[in-house]
Amino acid sequence: MLKACALELGSPLQHIFNLSLWKTSCITPVPKVSRPSELNDFRPVAVTSHVMKTMERLLLHHLRPQVQHALDPLQFAYQEKVGAEDAIIYMLHRSLSHLDRGSGAVRIMFLDFSSAFNTIQPLLLRDKLTEMGVDSYLVAWIVDYLTDRPLYVRLGNCTSDIVVSNTGAPQGTVLSPVLFSLYTSDFQYNSESFHVQKFADDTAIVGCIRSGQEEEYRDLINDFVKWCDSNHLHLNTSKTKDLVVDFRRPRPLMDPVIIRGDCVQRVQTYKYLGVQLDDKLDWTANTDALCKRRQSRLYFLGSLASFNICNKMLQMFYQTVWRAPSSTRWCAGEAA
């Protein structure tokens with residue numbers, strides 16, 4: 001009964017749940033880095049009402065079964081029982097399986113979007129959802145949810161004026177991650193030697209190259225760039241990185257990849273989903289990063305002990321600051 005009423009176009013419930021008051025988002029800038037110095041160092045997280053979050057969960061319950069067939073099988077985020085570890089393991093398995101055969105190299109392009117969630121076009125999303133066979137009333141509700149959204153920014157005690165947005169999906173809400181996955185699900189590629197894998201907006205193009213044959217790899221990158229342009233997704237070429245893993249001696253030279261006239265920087269290490277990957281795949285960079293982080297936490301623990309803090313308080317600090325972040329893995333499926 002609730003489904004029929006809530007999804008029926010023009011019904012009172014649809015108008016009630018998409019009232020400007022409940023659609024209003026309070027944008028809270030969350031730093032991405034320890035010392036932010038520019039706007040791009042902040043993530044705009046949208047805080048919405050609990051009533052709207054409840055309605056989003058109800059809609060998500062009805063949306064998932066209708067789009068399951070259309071999801072990208074190599075999208076590792078926002079799916080049950082799949083997480084960041086699966087994305088890393090899949091990439092490493094494909095890469096190492098190829099390298100074990102010898103006489104080849106692996107080239108990985110880590111692509112970075114600029115404000116990916118904020119560039120979703122509601123009308124394009126509508127067409128994609130309709131093509132997937134999603135219920136027309138549900139599609140209409142989603143489009144209405146994404147358009148004419150009042151939002152304002154709050155930083156400390158300062159609050160900006162309210163503006164109305166007709167593009168993008170608010171970060172930090174229940175529906176937005178799944179909507180972004182559906183928005184990008186129509187670009188899929190998985191051949192014997194090349195594939196595109198995603199974790200939310202973290203996209204990687206992996207090429208297992210033999211005998212210097214890079215045509216498919218470069219064509220795949222060009223096709224992806226064209227697809228981004230047609231879907232109004234903005235690639236940040238300055239943060240896009242190229243990692244080459246090649247165990248041969250000597251290493252043959254590889255031409256750089258050019259995207260929109262910009263030469264993509266080739267790196268020796270890259271932090272992918274919290275794991276430091278290097279061009280040797282020997283885990284040295286990741287181990288060093290973990291040790292450095294542990295040492296910094298142990299320093300604070302030792303400092304507290306020097307002030308004669310009781311053992312119970314030290315254990316509480318250890319559990320909350322050190323052990324919990326190390327043992328907890330963010331699972332997009334659970335978060336959604």
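Below, a biologist asks a modeller about a sheet, two helices, some salt bridges and two loop residues.

Biologist: Before we start, what kind of model is this?

Modeller: Residues are numbered from 1 along each chain as its sequence is written, and side-chain values use heavy atoms, with hydrogens and water left out. Local features need pLDDT of at least 70, side-chain atom pairs count only at pLDDT 80 or more, and totals for chains, interfaces and linings use all residues, since what you have here is a predicted model.

Biologist: In what order do the five strands of the open sheet sit?

Modeller: Strands are DSSP runs of E with at least two residues, helices are runs of H or I with at least four, and both are numbered from the N terminus. Two strands pair if DSSP finds at least two bridges between them. The pairing in this sheet is mixed, and the order reads β7-β8-β3-β9-β12.

Biologist: Which strands are at the edges?

Modeller: An edge strand here pairs on one side only. That picks out β7 (194–199) and β12 (265–267).

Biologist: By how many degrees are neighbouring strands of this sheet turned against each other on average?

Modeller: Axes are lines fitted to C-alpha atoms (for helices over the stretch in contact), with angles from 0 to 180 degrees between N-to-C directions. For this average, though, direction is ignored, and the answer is 25 degrees.

Biologist: Which residue in β9 stands opposite F110?

Modeller: Strand β3 covers residues 104–111 and β9 covers 241–245; they run antiparallel, joined by five bridges. Opposite F110 in β9 you'll find K241.

Biologist: At about what angle to β3 does helix α5 run?

Modeller: Helix α5 takes in residues 84–99 and lies across β3, β7, β8 (202–210) and β9. Its buried residues are covered by elements including β13 (269–272) and β14 (275–278), where contact means heavy atoms within 4.5 Å. Against β3, the helix runs at about 155 degrees.

Biologist: Are the buried residues of α5 on the same side or on opposite sides, and what arc do they cover?

Modeller: Buried means under 20% relative accessible area, exposed over 50%, and partly exposed in between (1.4 Å probe, protein chains only). The buried residues of α5 are A84, A87, I88, M91, L92, R94, S95, H98 and L99. Taking directions from the helix axis to the C-beta atoms, they sit on the same side of α5, because their arc is only 160 degrees.

Biologist: Which exposed residues does the face turned away from that buried side carry?

Modeller: Look at the face of α5 pointing away from the buried residues. The exposed ones there are I89 and H93.

Biologist: How far apart are the end C-alpha atoms of α5?

Modeller: The expected span is 1.5 Å times one less than the number of residues. For the 16 residues of α5 that should give 22 Å, which agrees with the model's 23 Å.

Biologist: And which residue with a positive phi follows α10?

Modeller: Helix α10 (284–306) has 23 residues and reaches 33 Å from first C-alpha to last, close to the expected 33 Å. Its follower has a phi near 60 degrees, and that residue is N308.

Biologist: Which residue forms a salt bridge with R107?

Modeller: A salt bridge here is a side-chain nitrogen of Lys or Arg within 4 Å of a carboxyl oxygen of Asp or Glu, and the count comes to ten. R107 is buried at 0% relative accessible area. Its closest N and O atoms to the partner are 3.0 Å apart, and the partner is E214.

Biologist: How many residues apart are R107 and E214?

Modeller: R107 is in strand β3, whereas E214 is in the loop between β8 and α9 (215–230). E214 counts as buried too, at 10% relative accessibility. The pair links parts of the chain separated by 107 residues.

Biologist: What is the N to O distance between E214 and R218?

Modeller: R218 is partly exposed, with a relative accessible area of 24%. Its side chain meets that of E214 in a salt bridge at 3.1 Å.

Biologist: Which residues does N231 contact, leaving aside neighbours within four places in sequence?

Modeller: N231 lies in the loop between α9 and β9 and is buried, at 5%. Its contacts are T119, L124, K128, Y183 and D186.

Biologist: What separates the C-alpha atoms of T237 and D262?

Modeller: T237 is found in the loop between α9 and β9, and it touches I259 and D262. T237 and D262 are 25 residues apart along the chain, with their C-alpha atoms separated by 6.9 Å.
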